[in-house]
There are 2 protein chains.
Amino acid sequence: MNTKEKLKKLYETMDLAEKYYHAVGLINFDLETISPENAKEEQGEVINFLSNEAFKLTNSEEYNSLIVDLYNSREDLDPLDKVMIEKKYDNYLKIKNITPEFALYMDRVYTKSFLNWLKAKEAADFSVFRDSLAEVIELEKKTISLRENKLPDAYDNLLNDCEKGMLTEQLDSFFGELKAGLLEIMNKINKSKHVIRDDFLTRKVPLHKQEIMSKYLLELNGYDFKKGVLAESEHPFTSDIAKNDARLTTHYHEDMVLSNIFSVIHEGGHGIFMQNEREEDYEHHINDSITNGMHESVSRFYENVIGRSKEYVHLIYPKFMELFSEELGDVSERELYEALNIVKPSLIRTEADEVTYGLHVIIRYEMEKMIMHDEIKVDDIPKMWNRLYKEYLGIEPSNDREGVLQDMHWSSGFGYFPSYAMGNSYNAMYVRKMKEEIDFEGAVSRGEMNIIKEWLKDNVFSHANVFTPDEWIREITGESLTPKYFLEYLNKKYSEIYEF
Amino acid sequence: MNTKEKLKKLYETMDLAEKYYHAVGLINFDLETISPENAKEEQGEVINFLSNEAFKLTNSEEYNSLIVDLYNSREDLDPLDKVMIEKKYDNYLKIKNITPEFALYMDRVYTKSFLNWLKAKEAADFSVFRDSLAEVIELEKKTISLRENKLPDAYDNLLNDCEKGMLTEQLDSFFGELKAGLLEIMNKINKSKHVIRDDFLTRKVPLHKQEIMSKYLLELNGYDFKKGVLAESEHPFTSDIAKNDARLTTHYHEDMVLSNIFSVIHEGGHGIFMQNEREEDYEHHINDSITNGMHESVSRFYENVIGRSKEYVHLIYPKFMELFSEELGDVSERELYEALNIVKPSLIRTEADEVTYGLHVIIRYEMEKMIMHDEIKVDDIPKMWNRLYKEYLGIEPSNDREGVLQDMHWSSGFGYFPSYAMGNSYNAMYVRKMKEEIDFEGAVSRGEMNIIKEWLKDNVFSHANVFTPDEWIREITGESLTPKYFLEYLNKKYSEIYEF
């Protein structure tokens, strides 16, 4: 076979594997949204079976020799083919020593671990999850040891998977600066005498009204329902199922109407990103290259920079009153704006405000380092969690459900959390640029959300699959990742609200 | 390999194929319920791909030789293994000459045909569907010609697929008797002076209230939400996805609250049947052997015999008033009972009453015979449809949407419709037996629906996968299919309502 034929063969195999992954995506979405209780276990087995068929296709001897050959002649390839082969070669080095049997074993460990985490969270009892967590830690170490392209530091491998090139050295300094800045703002807010009205936040709002609001907000922000759906799951998430299928979920709470609203705006941000990837990225099978940090920059941009802005509250207030006047008719526009920007240490990351949020992430980052560096025993994890919450946020969980068991992430490994905090800093960096080029506040006030989406498309979404995070943020802003502008943004916004 | 080893190998392959079919079931359910518009085409390709993988597994040379060998030594097998191999051998004769390529071609024709039917229905224009329908007719004939076990009459093959052993000869006499009886009842009703109040049937009822009602009715009837879900689709259906996953859909219309209620009760009947199949039928891979007629007997039993009875209306009336008092507070229990039993010729089968329903089916049966016997040209199908409606029901569709395009069935072949009418007659036969053994009216009035479900489980559900329809109905009632008791039931019920 010549290079062209090899390339053709490779794409054919990837197309085939993609059919399996498409199926897995759909079945997994079903599992998390509507699959009935007694059906879940068997459905999990179907997912593992299909994933394994795809794994076999893309880790066969024949496939791997195509990868190696094409990598060796990558300089002769078209630019996007070259990007593709570099990414696939990287992945090949990572997984070539994993047999299909071991891959299936891994899938089963993760499935079991996820189910045990669910049970443990429900029972608010870490001991139910303990053995699975220990297994996951062992598995992370084992799979790192099998890599051909491993980095010397165990945790760096996991960080690198999530955010290529962002390793502990850079993150330690990033988080150090971020932490100092956040604590400073916290201090100012703590001293503030300004009181924000919050009595209405737990009033009951019927779910069918919340559903209408959700759909309204997503359409307003530019999410395209012809290429996605909104469903309900225990924990909100977005799933990139296929080129024309970027799906969102939320969770409705009758007595927490804002929780759903901000989940929907957040996940909608992920969805808008996915719906605006370039056609050719799909054709070249590099469409899954956007890092978590890039993704979170967009979702948290929609959630916070837009969603919690005065202009956006002004924009949606009439709809808010139209739908919720019976329950929330006595809340003024300013009261609503302030209430959804209350800063207050809390135990649950996903419900945290913009200022304390980063501290939740830093706690997890610190702990993941300890875990991957063997500096902590599995049994001591809950204690350490509680100690760090006390130290960083001044409050302590009363049980494991509101402590170490709150997030599902550790049931499938480590390295994701830092992305959340990077996301905030990335968007603060590129929003400065955006504001130089378009009338951001004006566009939001007038509901011209398309202007914003188009700017993101031209500047943020394009090339996201091609660049590393550092290349990407430098291309947009000329600078490498820094928390400086995010801290500036917080200071400006909250000094106005809390009058400091 | 000895017989035991061959059997083991066969079951292993079927288990594997079942994983694909499980996936296909889930993805298809998704396609019909929530899949976004622009994603459907690619999702259809995933379904076809996975189906074809399963087809290859269960029509390979190796697999087929296991089937033949085990069939030849079937007398040595355990009873359920013997049943299984007889069914699989039958299927082997049917499909052995179909190549995977041809199977994939078929899947694609059906997918395209379904989409063209959708478009045609929306446009109310038969010509949009015409070529696809012609293709489907050709394909039916072609696949029949490829069968090793074909029957001489083309249409008999299709009837036999749906309802083993029920061929045109028997059905001609069954439908002849049924038609005469139905027309006689229609005549009596036409002469009746009794007026039924129907002004409230099109009042608007908010969808979220209808959703609550749906869930209430399903739980009341004994549908188990731990082993199933209720979703929404364009056309209500039930899908047997896996042992612990029997899913239902409905369609909510704001101005047709009864339409949803009876869809839900009907599909719930299918679901209850599926949820109560014997565990060992799944283990032996014969769980899909229940015929459409058997299935419809149960769904139409729940929908009509229970759902439209005085006792059931009495049972659910308080919940009806609790939920819908704002919209339907002025409707008495008797008025509700009569309104949901109005007999009146209409154009749409799925909205038809118990009496005229059979005529809708007979029209389709007559036309399917003509089509498969080459007695009608494709272009003449809409005209013939309208002529028969005029002749049997005295009314004529004003366009193809309310005429020949109303049902999706013909986009995937012929032979299903007769089952609907058989279902009514089957249940009228076994309900007589049921009433001898349990206090049916008392159980319904008191909401003791479990007594009914248990009776069905012991008498109707058990062995349904093992027997042919005739063996099954004779085992329950001692008689072969007859419309006699169904006509008796209609006469008794409607003479009370229409005072004849």
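Start by selecting A:Glu232 and A:Thr250 in this predicted model: A:Thr250 is the bridge partner of A:Glu232 in β3(A). Now widen the selection to the two strands, β1(A) and β3(A), which run parallel and are joined by three bridges.

Next, add β2, residues 238-242 of chain A. Its pairing with β3, residues 245-250 of chain A, is antiparallel and spans four bridges. To see one of these pairs, pick A:Thr238 and find its partner in β3(A), A:Leu248. Then look at the turn: β2(A) and β3(A) make a hairpin, with two residues between them.

With the three strands of chain A shown together, you have an open sheet of mixed pairing, ordered β1-β3-β2. On its edges are β1 (230-232) and β2 of chain A, each pairing on one side only. Ignoring direction, neighbouring strands here are turned by 30° against each other on average.

Is β2(A) mostly covered or mostly open? Five of its five residues are buried, so by this count β2(A) is mostly covered. To see what lies over the sheet, show helix α1 (residues 3-33) of chain A, which lies across β1, β2 and β3 and runs at about 145° to β2(A). Then add helix α10 (residues 257-275) of chain A, lying across β2 and β3 at about 170° to β3(A).

For the last stop, select helices α8 (residues 168-191) and α15 (residues 354-372) of chain A, whose axes come within 9 Å and cross at roughly 145°. This crossing is left-handed. Show side chains at the contact, including A:Phe175 and A:Leu182 from α8(A) and A:Ile362 and A:Tyr365 from α15(A). By class, the contact has eleven nonpolar, two polar and two charged residues.

Key: Residues numbered from 1 in each chain as written. Chains lettered and ligands numbered in written order. Predicted model: local features only at pLDDT ≥ 70, side-chain atom pairs only at ≥ 80, totals over all residues. Buried ≥ 20, exposed ≤ 12 C-beta atoms within 10 Å, placed from the backbone. Pairing = 2+ DSSP bridges. Axes fitted to C-alpha atoms, helices over the stretch in contact; angles between N-to-C directions. Left-handed = near helix turned anticlockwise from the far one by under 90°. Contact = placed C-beta atoms within 7 Å. Nonpolar A, V, L, I, M, F, W, Y, C, P; charged D, E, K, R; others polar.
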